[in-house]
Amino acid sequence: MNVNQERIAKLQEKMQAADMDMYLVPTADFHQSEYVGTYFKVRAWLSGFSGSAGTLLVTRENAYLWTDGRYFIQAAKQLEGTGVTLMKMGEEGVPTVEEFIKENLPMNGCLGCDGRTIHVAEGKDFEALVQEKEGRFEYQDDLAGEIWTDRPEMSKEPVYTLDVKYAGKSREDKIQDVRDAMKEAGANVHIISSMDDIVWLLNIRGNDIIYNPVVMSYVMVTMEQVHFYVQEEAVSEQVRAELEKAGVVLHDYFAIYEDVKALAEDSKIMLEDACTNYTLYKNLPENVEVIFQSNPAAIMKGCKNEVEMKNIRIAHIKDAKAMCRFIYWFKNNVNSGEITEYSAAEKSLEFRKEDEDCLDLSFETICAYEANAAMCHYAPTETEYAKVEPKGFFLIDSGAQYWQGTTDITRTIAAGELTQEQKENFTLVLQGHIRLAMAKFQYGCSGANLDVLARGPLWERAMDFNHGTGHGVGYLLNVHEGPQNINWRMRANGRRGNTTPLEEGMLTSDEPGLYLEGKYGIRTENLLLCKKAEKNGYGQFMEFENMTWVPYEREAILPEMLTKAELVWLNEYHQKVYEIVGPMLSEEERQWLKEATAEIK
């Protein structure tokens with residue numbers, strides 16, 4: 001019996017003692033964050049699967065792990081020998097977690113979970129499922145936490161403020177905007193659990209989740225005050241004074257669970273059911289009116305203001321310099337046989353950190369050679385990595401946090417000789433990438449409407465990729481941000497997004513890919529800023545402004561596969577890359593960039 005089997009067996013003993021038939025362990029923290037701190041990595045600790053998305057369901061005899069297509073290969077490897085059955089979400093014949101529970105929970109059975117790790121909509125669904133079985137839904141017990149005796153402490157990194165020269169708007173003005181939205185919704189209390197919305201509202205940042213500069217906290221906005229629930233030792237006197245000046249009152253992080261119980265019976269409480277945890281919701285007084293709607297801060301945050309947009313352009317030029325220098329370094333050293341996936345990741349960080357405005361990475365750098373790149377979210381470690389040989393594809397997906405904004409870029413680089421198949425597939429992915437970047441569309445279109453542009457070249461050959469084409473990106477904030485995304489599929493995690501209209505100021509990734517298990521992976525990613533185009537009798541048209549300025553791999557492009565318009569776009573893009581980045585490079589690097597961006601005919 002390996003360590004994960006032992007842990008699951010201990011959980012099953014706890015379940016037996018509590019008379020539970022099933023116990024649910026999601027990935028989420030108490031705020032429904034996409035990525036979580038070490039304190040919250042219960043599912044990974046139990047199952048051995050370390051991916052950022054997945055749900056573990058433990059029964060009295062077995063255990064099952066659901067994850068999406070990004071992690072099928074990784075999960076299969078990490079679950080070997082654990083006794084946990086992999087459930088591939090979205091695959092034919094694979095039930096959802098809810099369908100599985102409905103089918104397998106016995107009559108009068110009991111489903112348990114820590115209600116703080118599921119959101120309101122999920123909790124209601126599970127409650128309804130259990131009622132159909134005339135059973136019990138126990139959401140007050142953290143059974144997995146009880147057996148994790150050496151569990152890390154909850155992060156309480158120092159809180160720092162974001163100057164208005166970066167934020168573009170004062171916290172006082174943002175709070176007033178939220179109160180105006182509350183009035184419009186008929187609410188006099190607004191509970192915010194999503195940490196990215198909270199730090200945006202208060203013009204603060206932290207480091208409680210690696211790479212995501214957020215603060216473990218809740219906020220309750222009334223028409224008179226803003227109640228900020230935070231681990232108070234993380235807040236310095238200076239930061240406290242700045243917040244109090246804006247009418248922000250500090251409380252202990254966990255105090256909100258009791259404070260909401262004391263809300264007046266005539267309160268009209270606005271909250272987002274996909275962000276607020278079920279336990280917090282259930283603690284509300286029975287007779288209050290709850291108004292379920294998206295946090296107004298989410299759309300305000302998603303539409304970058306003029307100051308943020310100006311800064312974002314600066315951040316991406318800084319990032320382009322680092323990435324161009326990295327590619328030059330890679331090309332000049334790959335034949336040495338000394339480059340590994342891990343050393344390449346470290347080198348890309350080194351180039352970025354040369355800029356004094358670079359605070360951190362925006363996510364764990366994905367450096368993947370050949371077959372490893374077929375695992376969408378593979379990342380090397382100091383002890384587990386592949387050596388890069390001078391042939392085939394090398395993929396790097398990376399980004400950074402700058403005072404001027406958040407970056408995210410993917411390039412697939414030729415480490416050496418490529419096959420005709422590799423070139424064809426690279427060009428198909430690039431073609432979809434260009435088509436999306438060139439898009440002009442009517443206002444009101446969402447990412448679901450545009451996804452076919454990026455997937456079209458692959459669909460025409462009966463191929464596809466099993467992840468979204470684009471995600472929103474924050475400002476010195478989460479690299480994955482709503483409310484918008486580019487994905488024709490309905491979202492599995494309950495968050496709204498793919499039908500959200502694309503608004504001016506939204507920063508969104510454009511990253512189609514193709515992954516051939518056991519062979520190689522390809523992904524090409526730029527960030528695009530949505531802006532208004534012309535307005536005429538047909539309506540308001542929208543388009544994208546490119547933010548990312550790094551060349552595409554010339555050696556992998558088959559120009560005859562591109563249309564004339566796509567080739568014109570590509571050459572104009574490369575010309576601008578050279579104009580923007582060239583002057584910042586050394587003579588040798590600039591000469592390489594000139595060749596890398598030369599006209600393709």
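When I say strand, I mean a DSSP run of E, at least two residues, numbered from the N terminus. That is needed for Leu-476, which is found in the loop between strand 22, residues 470-472, and strand 23. One caution before going on: this is a predicted model.

Leu-476 has a phi near 45 degrees, a positive value in a residue other than glycine. Is Leu-476 buried or exposed? Its relative accessible area is 1%, and buried means under 20%, so Leu-476 is buried.

The strand that follows this loop, strand 23, covers residues 481-486 and contains Pro-483. The peptide bond leading from Gly-482 into Pro-483 is cis, and omega is near 5 degrees.

Another positive phi belongs to Asn-108, at about 65 degrees, and again the residue is not a glycine. Asn-108 sits in the loop between helix 4, residues 97-104, and strand 5, residues 110-113. Asn-108 has a relative accessible area of 53%, and the cut-off for exposed is over 50%, so this residue counts as exposed.

On the other side of strand 5, in the loop between strand 5 and helix 5, residues 120-132, we find His-119. His-119 is buried, at 4% relative accessibility. A polar atom of the His-119 side chain lies 3.3 Å from the backbone nitrogen of Ala-121.

Now the sheets. Strand 5 belongs to an open sheet of six strands, in the order 4-3-2-1-5-6, with mixed pairing. Which strands stand at the edges? They are strand 4, residues 84-88, and strand 6, residues 136-138. Each of these has a single partner strand, so one side of each has no neighbour in the sheet. Ignoring direction, neighbouring strands here are turned by 20 degrees against each other on average.

Within that sheet, strand 1, residues 22-25, pairs with strand 2, residues 55-59, in the antiparallel sense over four bridges. If you want a pair of residues to look at, Val-25 stands opposite Leu-56 of strand 2.

Two helices can be placed against this sheet. Helix 1, residues 3-17, lies across strand 1, strand 2, strand 3 and strand 4, and runs at about 60 degrees to strand 2. Helix 4 also packs on the sheet, where it touches strand 1, strand 2, strand 3, strand 4 and strand 5. The direction of helix 4 makes about 170 degrees with that of strand 1.

There is another open sheet of six strands, also with mixed pairing, in the order 12-11-10-8-13-14. Its edge strands are strand 12 and strand 14, residues 289-292, and each pairs on one side only. From one strand to the next, the twist averages 20 degrees.

Strand 11 and strand 12 run parallel and are joined by five bridges. Phe-228 stands opposite Leu-250 in strand 12. Helix 8 lies across this sheet, over strand 8, strand 10, strand 11, strand 12, strand 13 and strand 14. Helix 8 runs at about 65 degrees to strand 10, residues 217-222.

That brings me to helix 10, residues 237-245. Which of its residues are buried? Val-239, Arg-240 and Leu-243 are. Seen down the helix axis, the buried residues fall within an arc of 100 degrees, so they line one face of helix 10. Glu-237, Gln-238 and Lys-245 are exposed, on the other side of the helix.

What do the buried residues of helix 10 pack against? Their partners include helix 8, residues 171-185, helix 9, residues 195-202, strand 11, residues 226-230, and strand 12, residues 248-252. Strand 7, residues 160-161, and strand 9, residues 204-205, are also among them. Just after helix 10 comes Gly-247, with a positive phi of about 85 degrees.

Last item, the cysteines. How many disulfides does a search of the whole structure find? The search returns zero. For Cys-275, the closest cysteine sulfur is that of Cys-303, at 16 Å, which is too far for a bond. Cys-376 is not in a disulfide either; the nearest cysteine sulfur, in Cys-367, is 15 Å away. Cys-275 counts as buried, at 1% relative accessibility. Cys-376 counts as buried too, at 6%.

That's the tour.

Technical notes:
Residues numbered from 1 in each chain as written. Predicted model: local features only at pLDDT ≥ 70, side-chain atom pairs only at ≥ 80, totals over all residues. Heavy atoms only, no water. Buried < 20%, exposed > 50% of the residue type's maximum accessible area, 1.4 Å probe, protein only. Arc of directions from axis to C-beta. Contact = heavy atoms within 4.5 Å. Polar contact = N/O pair within 3.5 Å; in protein donor to acceptor, adjacent residues only side chain to side chain. Pairing = 2+ DSSP bridges. Axes fitted to C-alpha atoms, helices over the stretch in contact; angles between N-to-C directions. Disulfide = S-S within 2.5 Å.
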